[in-house]
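Visitor: Could you take me through one part of this model in detail, starting from a single strand pairing and working outwards?

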Amino acid sequence: MTVLPRTSTAKPEPSRPGVLERVHEWVVTIDHKRLGILYISAGILFFLVGGIEAGVIRYQLAYAANPTIDPVTFNQMFTMHGTTMVFLVGMPVLLGFGNYLTPLMIGTRDMAFPRLNAWGFWVFLFGGLLLYYSFIGSSGLYGAPGAPDVGWFAYSPLTTRAFNRGNNVDYWTLGILVSGFGSMATGINLVVTILCLRCKGMKLMRMPIMVWSMLVTGFLVMIALPVLTAAQVMLLFDRFLGAHFFDPQLEGSVLLWQHLFWFFGHPEVYILIIPAFGFISEIIPVFSRKVIFGYTMMVVALVWIAFQSMGVWAHHMFAVGLPPSLNAFFAASTFLIAVPTGIKIFNWIGTIWGGRIIYKTPMLFALGFVGMFVIGGLTGIMLATVPFDWDVSDSYFVVGHFHYVLFGGTLFAIFGAIYYWFPKMSGKMLSEKLGKLHFWVLFIGFNLTFAPMHVSGMLGMPRRIYTYAPDRGLDIWNLLSSIGYGVQFIAILIFVWNILHSLRKGEDAGDDPWDAWTLEWATTSPPKSWNFNPLPVVKSRRPLWDAKHPEDPDHEYE
Amino acid sequence: MAEENADRTVARSWLLLVVVTVLVGLVGFVAIFILGAQITEHDPTETFFEASDVFVQPDAEWNTTIFVSKSPETREIRRLTWLVVLISVGIFVVVEGLLVFAMIRYRRKNAETTGEPVQMYGSNPVELAWTVIPILIVVTLCLATVRTIHSVQPTAGERPENSLTVEVIGHRWWWEFRIPEYDVVTANELVVPVQRPIWLELGSADVIHSFWVPELQGKMDAIPVKTNYWQFTADEVGTYLGQCAEYCGTQHANMLIRIDVKDEADFKTWATNQALPAPNETTPSAVNGRKVFLEYACQNCHGVAGLSDGNFAPDLTHLMSRTLIAGGMLPNTIDNLKAWVENPQAIKPGCDMPALQLSKSEIEDVVSFLATLK
């Protein structure tokens with residue numbers, strides 16, 4: 001046996017940078033792709049934390065009169081769960097995808113303001129960490145809770161000093177205020193990027209629906225977030241400077257807070273769902289092997305929804321005693337928003353109609369999204385019926401409703417997007433086997449958790465109660481929900497394992513694993529920091545279709 | 001040749017889409033019309049559901065379901081509810097049916113299939129149809145909703161002539177009820193006459209609460225420095241339960257409401273008794289207990305007519321006429337009263353009543369004083 005000496009003529013491999021160098025690269029990065037990945041990863045970490053908080057809630061409610069969790073802890077858990085999922089999971093993950101994909105999809109090298117982009121991410125992250133620091137930083141004063149316990153919409157006057165000792169509301173306000181600045185920066189960045197940096201030939205009406213949804217979301221963020229910021233600043237004035245905006249004792253108005261919060265809060269719901277519409281509108285055509293059905297109406301519906309989302313906020317306030325005429329107005333505007341939403345659903349069905357559906361994991365999540373979102377939308381229509389809302393608003397029916405929208409809707413779309421774009425981001429495929437398992441376990445667990453909530457709500461269970469009497473007929477429904485949580489927990493473990501496993505051992509993805517049609521698949525996986533060289537020129541909505549089918553190009557039909 | 005095939009595929013899938021939509025839509029509409037007629041006649045809960053149904057728990061002591069309507073207001077609301085439920089179920093069946101059908105019909109049957117299916121870019125008539133039809137449904141829903149809002153929601157000037165006014169004041173975490181007509185002040189448990197409109201004037205002493213007794217009326221918020229008006233007329237004598245529905249802090253879960261509907265005579269007896277001052281019992285223990293009540297902090301918060309006028313906490317003048325204590329957490333028994341006076345924080349952590357560190361004999365005395373408040 002001979003040992004061959006190493007030849008010294010070969011060039012030495014460039015040494016892999018050390019851990020610290022690599023961390024440093026990520027910290028100082030202004031590359032939209034890296035920032036996108038940072039946004040998504042931070043969002044997923046917060047998602048795991050928020051999920052554990054939900055577990056505490058479901059554990060406490062699993063059976064009647066459960067003595068395990070004390071009321072303050074329970075109230076903190078649902079407050080932090082809601083705040084986390086909306087502000088630290090939904091927004092960053094969706095905007096993260098927007099960050100990653102928008103420049104790639106419109107054929108440019110980066111966002112319009114790369115440094116603002118980096119600033120936005122770090123501000124968001126530290127805002128979130130500040131909120132979580134409340135667990136430590138706000139405790140100490142006798143009897144005052146550590147983390148906020150006022151609910152994610154923190155109705156005044158529960159947030160005034162008289163009813164809330166200690167500083168937890170300050171952490172809540174400042175945490176959201178700070179991370180909100182990050183979101184606004186990203187909103188502005190998306191709008192400017194999309195309006196100014198499209199590649200040659202990429203007219204507005206040639207942009208992928210995903211980019212349209214990001215444009216619309218950007219505008220909504222720019223309009224809605226400042227209202228929330230203003231409300232939070234007013235609350236800080238109340239708490240620190242002796243102002244009385246929301247103090248009923250001194251002619252402040254407690255309803256002013258609700259109006260301001262929901263004027264942000266309802267567009268916020270669409271900020272959380274419109275990007276999901278975008279993901280679905282990219283995934284469904286590719287796996288049906290068909291062009292999106294009714295592109296123009298899809299765009300019109302998006303813009304329609306965005307405009308109208310700013311005129312429906314008081315449907316969160318049907319039980320505060322608004323005059324009947326106002327109740328009627330907001331019921332009507334809320335009903336009407338179902339029309340553009342319906343158009344989108346029908347157009348997705350139109351897209352798969354006559355297609356050749358390939359059931360890969362992203363497609364399962366996309367179709368799961370459509371199916372579940374329809375349910376959430378229909379219970380939304382029911383809730384817009386003011387008298388029915390008097391029956392079930394602030395009950396578990398509402399909890400069931402918005403989880404069908406934000407979990408069955410947004411989160412399913414996010415998982416679909418992760419399975420769809422992970423190969424582009426990492427160069428590795430996620431395991432299909434684990435992915436399908438993840439989908440089915442999550443789908444079953446999700447329905448098991450949230451469908452019974454509609455029933456417990458109609459049986460008279462208000463939301464946010466930490467305990468209930470054993471003889472109310474609520475036990476079985478709550479037990480089902482809690483079991484469902486356990487099933488979902490397993491699904492999330494499968495997902496985490498799939499990510500970790502595939503990052504190390506996944507198959508190589510290649511540039512275009514799904515045989516897709518938008519520009520991000522025209523470059524390498526993962527793309528180089530400059531994205532494209534040279535920059536692409538497009539003639540239609542599906543540039544890669546044109547390239548793959550030169551005999552039958554899209555632009556002849558548009 | 002290929003082109004011709006493609007055209008035929010397109011034509012066939014369009015035909016299928018149209019036929020399926022029309023068929024499912026027809027079935028849905030027929031169902032809505034048949035069932036809709038039923039709904040305008042009466043509440044389907046009465047005909048469709050037996051009392052043994054899962055949605056109504058006949059044995060439950062705590063029946064708070066919206067599937068039982070015991071007032072004209074709730075019947076009005078739930079007729080509309082059933083209409084909306086039916087329309088929603090119809091849409092659900094059509095949309096999910098189309099989705100599942102398309103998912104099965106258009107799956108890729110053979111992994112080796114090459115080439116792409118025919119590309120359909122859209123269709124103006126079809127898209128117009130699924131814009132206009134939802135608009136028609138929306139208009140129907142709007143009209144029905146507006147009508148029910150106006151018939152159920154009262155405004156300040158609409159107090160019926162013969163109604164009984166009840167002032168409802170939310171506190172953390174209990175309810176104060178006042179009936180000015182009879183000079184009644186009580187807590188958590190309200191007695192009202194049957195078949196007489198009850199006019200509620202809702203307010204709050206601290207944060208926002210929401211008054212919810214599902215079998216008698218939908219919920220309405222009780223808001224500080226704003227009076228909300230709400231109204232119901234109970235059909236039948238009985239006990240109706242509810243609770244605060246707007247998150248109001250630590251003990252939001254234990255802010256329960258109990259409404260006893262009695263006939264006019266029983267109600268008058270109750271109200272007259274409630275308006276009397278506290279009886280003056282002279283057993284030594286009760287006398288001692290009264291002394292403790294007046295000397296320690298009790299009287300600062302609790303009112304007892306003729307003795308103290310604290311109003312931060314439930315009025316105790318006729319404490320023993322109530323079934324439950326602690327915002328509805330415990331049955332009103334001597335033992336529970338003792339446990340409560342000894343350490344309320346152990347039972348209802350976070351509530352405003354402190355443990356006063358009374359001695360065993362002081363607790364005995366105070367509770368025997370309380371027991372005289374009939």
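Guide: Let's start at one bridge: Glu189(B) has Arg258(B) in β10(B) as its bridge partner. β10 covers residues 256-262 of chain B, and its pairing with β4(B) is parallel, over five bridges. Strands here are DSSP runs of E with at least two residues, helices are runs of H or I with at least four, and both are numbered from the N terminus; two strands pair if DSSP finds at least two bridges between them.

A word on the ground rules: this is a predicted model, in which local features need pLDDT of at least 70 and side-chain atom pairs count only at pLDDT 80 or more, while totals for chains, interfaces and linings use all residues. Residues are numbered from 1 along each chain as its sequence is written, and chains are lettered from A and ligands numbered from 1 in the order in which they are written.

Back to the strands. β4, β10 and β9 of chain B, in that order, make an open sheet with mixed pairing. β4 (189-193) and β9 (238-243) of chain B each have a single partner strand and stand at the edges, so one side of each has no neighbour in the sheet. On average, neighbouring strands of this sheet are turned by 25° against each other, direction ignored.

Now add a helix: α5 (residues 264-275) of chain B lies across β4 and β10 of chain B and runs at about 135° to β4(B). Such angles run from 0 to 180 degrees between N-to-C directions, with axes fitted to C-alpha atoms, for helices over the stretch in contact. Contact means C-beta atoms, placed from the backbone, within 7 Å.

Stepping out, the domain assignment, which is automatic or from a database, divides chain B into domain 1 (2-107 + 123-152), domain 2 (163-274) and domain 3 (284-370). Between domain 2 and domain 3 of chain B, 16 residues of the former are in contact with 14 of the latter. On the domain 2 side, β3 (184-187), β10 and α5 of chain B each supply at least two residues. The largest share of that side, three residues, comes from β3(B). By type, the side of domain 2 of chain B that touches domain 3 of chain B holds six nonpolar, seven polar and three charged residues. Here Ala, Val, Leu, Ile, Met, Phe, Trp, Tyr, Cys and Pro count as nonpolar, Asp, Glu, Lys and Arg as charged, and the others, Gly among them, as polar. The C-alpha centres of these two domains of chain B lie 22 Å apart.

Note on methods. Contact = placed C-beta atoms within 7 Å.
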